[in-house]
Amino acid sequence: MSTDQTADQPADSPAVQGGSPLPTVDAAYWEAAAEAFDDEPDHGLRDPVVRAAWDARLRSWLPAVPARILDLGCGTGSLALLAVEQGHQVTGVDRSPGMIARARAKLAGRDAGFLVGDAAEPPVGERRFDAVLVRHVLWALPDPAAALRRWAGLLAPGGRLVLIEGRWGEADPIGIPAGELVSLAAPLAERTHLEELSYDSALWGKEVNDERYALIVHLGAGAAMSRAVTTVSDRAAAVRHTEVVDVHLVLRRGDEVLLARRSGTGYADGLLHAPSGHVEDGEDVREAMIREAAEELGLRLAPEDLRVVLVMQHRAPDPAARPRIGWFFEAAYGAGGEPWNREPDKCSQLAWFPMAELPDDMVAYCRAGLDGLRAGHRFLIHWHRPGDSIAHDPSAPGRVVALDDAR
């Protein structure tokens with residue numbers, strides 16, 4: 001703790017110097033704090049116990065991997081680093097150039113970018129994100145309600161706000177009480193989830209007695225947040241259904257298919273899955289498949305090497321998960337070269353398996369898709385229920401619905 005802070009205030013709270021609160025919006029204050037910022041246990045996350053505690057919380061708060069995360073008031077990038085290590089792509093914003101310099105150094109070579117700017121008005125243009133992550137920032141802004149509306153407008157459909165806040169100190173507490181923040185977020189929220197954090201000393205590296213919490217604000221899969229919505233009726237009138245589009249490669253070698261074992265992604269790690277990825281803005285599904293095959297397997301496929309063999313709508317077990325449309329493309333072994341593992345940080349194994357005897361340790365919807373393909377189907381739904389296993393479970397209820405007659 002720095003010398004200009006009282007003993008009952010966190011490092012993120014307004015410091016007190018000579019009995020007067022420092023202006024928390026003063027960039028010069030945070031610039032001066034940058035050098036020692038990581039000395040606080042919950043800032044630098046240098047203690048393995050503290051780091052593990054924040055890592056576990058982030059995994060439960062952030063969307064399924066991979067997601068686009070906007071980290072506002074990112075400081076030196078410790079939470080951003082955890083999110084990137086989990087498999088997310090992160091953009092960090094902080095008004096202190098010193099903080100940003102340290103964040104860039106900390107995440108050098110990672111899937112992250114950092115910008116100097118105001119958290120209340122992030123300089124991200126028209127970009128949209130799957131989650132906005134904000135820790136100990138909202139309380140310090142002059143108009144928290146306006147900031148929430150602005151942040152909601154930066155979310156893609158189905159996005160969420162992850163707000164880590166509190167009311168710190170016992171003699172003269174400062175901050176935002178949880179009930180007040182719930183009320184502020186209510187006009188924007190389809191649903192919210194509040195988690196008390198004070199009891200979890202591992203997060204702070206010490207016992208704390210003040211109010212600390214996280215509020216997860218889900219804006220809904222169809223909420224149109226390109227404008228600031230303030231009422232439920234306004235939001236309902238603007239609903240448009242949208243879905244993530246992903247692509248999967250069914251690479252065939254005779255009667256065998258190539259599968260990749262996920263590793264280090266934070267989602268379905270240890271399970272086998274077809275080489276796959278998401279369609280990016282401006283791509284069609286075939287272009288996306290060609291790009292993903294090059295990035296993951298080193299294959300140089302041509303459009304004529306691919307044919308669509310299955311389209312599946314699917315959703316993960318997490319109730320907050322967005323539906324997805326998966327396009328399965330088939331290619332023959334030898335097209336584009338010899339496959340090899342170009343992403344060992346995300347894939348621990350590439351192996352061939354008989355299509356007629358697929359292993360059980362697969363991602364459930366991928367296994368269902370390949371089984372359906374083998375049975376002659378071309379259009380399927382695989383809709384998990386809350387509590388279902390991400391992994392294929394032969395004894396679990398079937399979730400596949402065929403939308404066509406098998407050939």
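Let me start with how helix H6 passes helix H7, which in this predicted model is a right-handed crossing. The two helices, H6 and H7, pack at an angle of about 50°, and their axes lie 10 Å apart. Because angles from 35 up to 65 degrees fall outside the parallel and perpendicular classes, H6 is described as oblique to H7. If you look at the residues that meet there, you will find Pro144, Ala145 and Leu148 on the H6 side, and Leu181, Leu184 and Ala185 on the H7 side. Sorted by class, that contact has six nonpolar residues, with no polar and no charged ones.

Now please compare that with a second helix pair, H3, which covers residues 48–61, and H4, which covers residues 78–86; these two pack at an angle of about 60°, with their axes 10 Å apart. That angle makes H3 oblique to H4, and H3 passes H4 in a right-handed crossing. On H3 the contact is made by Arg51, Trp54, Asp55, Leu58 and Arg59, while H4 brings Leu79, Leu81, Leu82, Ala83, Glu85 and Gln86. By class, the contact of H3 with H4 has six nonpolar residues, one polar residue and four charged residues.

Let me step back to the chain as a whole. Its secondary structure comes to eleven helices and 19 strands, and buried residues make up 51% of its 407 residues. When we take the contacts with a separation of 6 or more, residues 24 or more positions apart account for 66% of them.

Which residues have the most contacts inside the largest nonpolar core? They are Trp151 and Leu161, in a core that has 33 residues. The elements that give two or more residues to this core are strands E3 (68–72), E6 (129–135), E7 (155–168) and E10 (211–218), together with helices H6 (144–152) and H7 (178–185), so we come back here to the helix pair with which I began, H6 and H7. Apart from this core lies another one, of 31 residues, and among them are Leu58, Leu82, Ala103 and Val208. For leucine 161, if we leave aside the neighbours within four places in sequence, the contacts are Val132, Leu148, Trp151, Ala152, Leu155, Leu215, Ile216, Val217 and Leu219.

I would next like to turn to helix H11, residues 364–374, which is mostly covered, since nine of its eleven residues are buried. The buried ones are Ala364, Tyr365, Cys366, Arg367, Ala368, Gly369, Leu370, Gly372 and Leu373. What covers them includes several strands, namely E11 (244–253), E12 (256–262), E13 (272–273), E15 (307–315), E18 (379–383) and E19 (400–402). Just after H11, glycine 376 takes a positive phi of about 100°.

That brings me to some details of the backbone in the loops. In the loop between H3 and E3 we find proline 66, and a cis peptide bond, with omega about -5°, joins valine 65 to this proline. Histidine 136, in the loop between E6 and H6, has a positive phi of about 55° although it is not a glycine. Is histidine 136 buried or exposed? Histidine 136 has a relative accessible area of 5%, and therefore counts as buried, given that the cut-off is under 20%. Alanine 268 sits in the loop between E12 and E13, and here, too, there is a positive phi, of about 60°, in a residue that is not a glycine. The relative accessible area of alanine 268 is 11%, so this residue is buried.

I will finish with tryptophan 340, which lies in the loop between strand E16 (324–332) and strand E17 (347–354). With 47% relative accessibility, tryptophan 340 counts as partly exposed, because the cut-off for exposed is over 50%. Leaving aside the neighbours within four places in sequence, tryptophan 340 is in contact with Glu296, Leu297, Gly298 and Leu350. From C-alpha to C-alpha, tryptophan 340 and alanine 294 are 9.9 Å apart in space, while in sequence they are 46 residues apart.

Note on methods: Residues are numbered from 1 along each chain as its sequence is written. This is a predicted model: local features need pLDDT of at least 70, side-chain atom pairs count only at pLDDT 80 or more; totals for chains, interfaces and linings use all residues. Side-chain values use heavy atoms; hydrogens and water are left out. Buried means under 20% relative accessible area, exposed over 50%, partly exposed in between (1.4 Å probe, protein chains only). Helices (H or I, at least four residues) and strands (E, at least two) are DSSP runs, numbered from the N terminus. Contact means heavy atoms within 4.5 Å. A nonpolar core is a set of buried Ala, Val, Leu, Ile, Met, Phe, Trp, Tyr and Cys residues joined through side-chain atoms within 4.5 Å. Axes are lines fitted to C-alpha atoms, for helices over the stretch in contact, and angles run from 0 to 180 degrees between N-to-C directions. Angles under 35 degrees count as roughly parallel, over 145 as roughly antiparallel, 65 to 115 as roughly perpendicular and the rest as oblique. A crossing is left-handed if the near helix is turned anticlockwise from the far one by less than a right angle, and right-handed if clockwise. Ala, Val, Leu, Ile, Met, Phe, Trp, Tyr, Cys and Pro count as nonpolar, Asp, Glu, Lys and Arg as charged, and the others, Gly among them, as polar.
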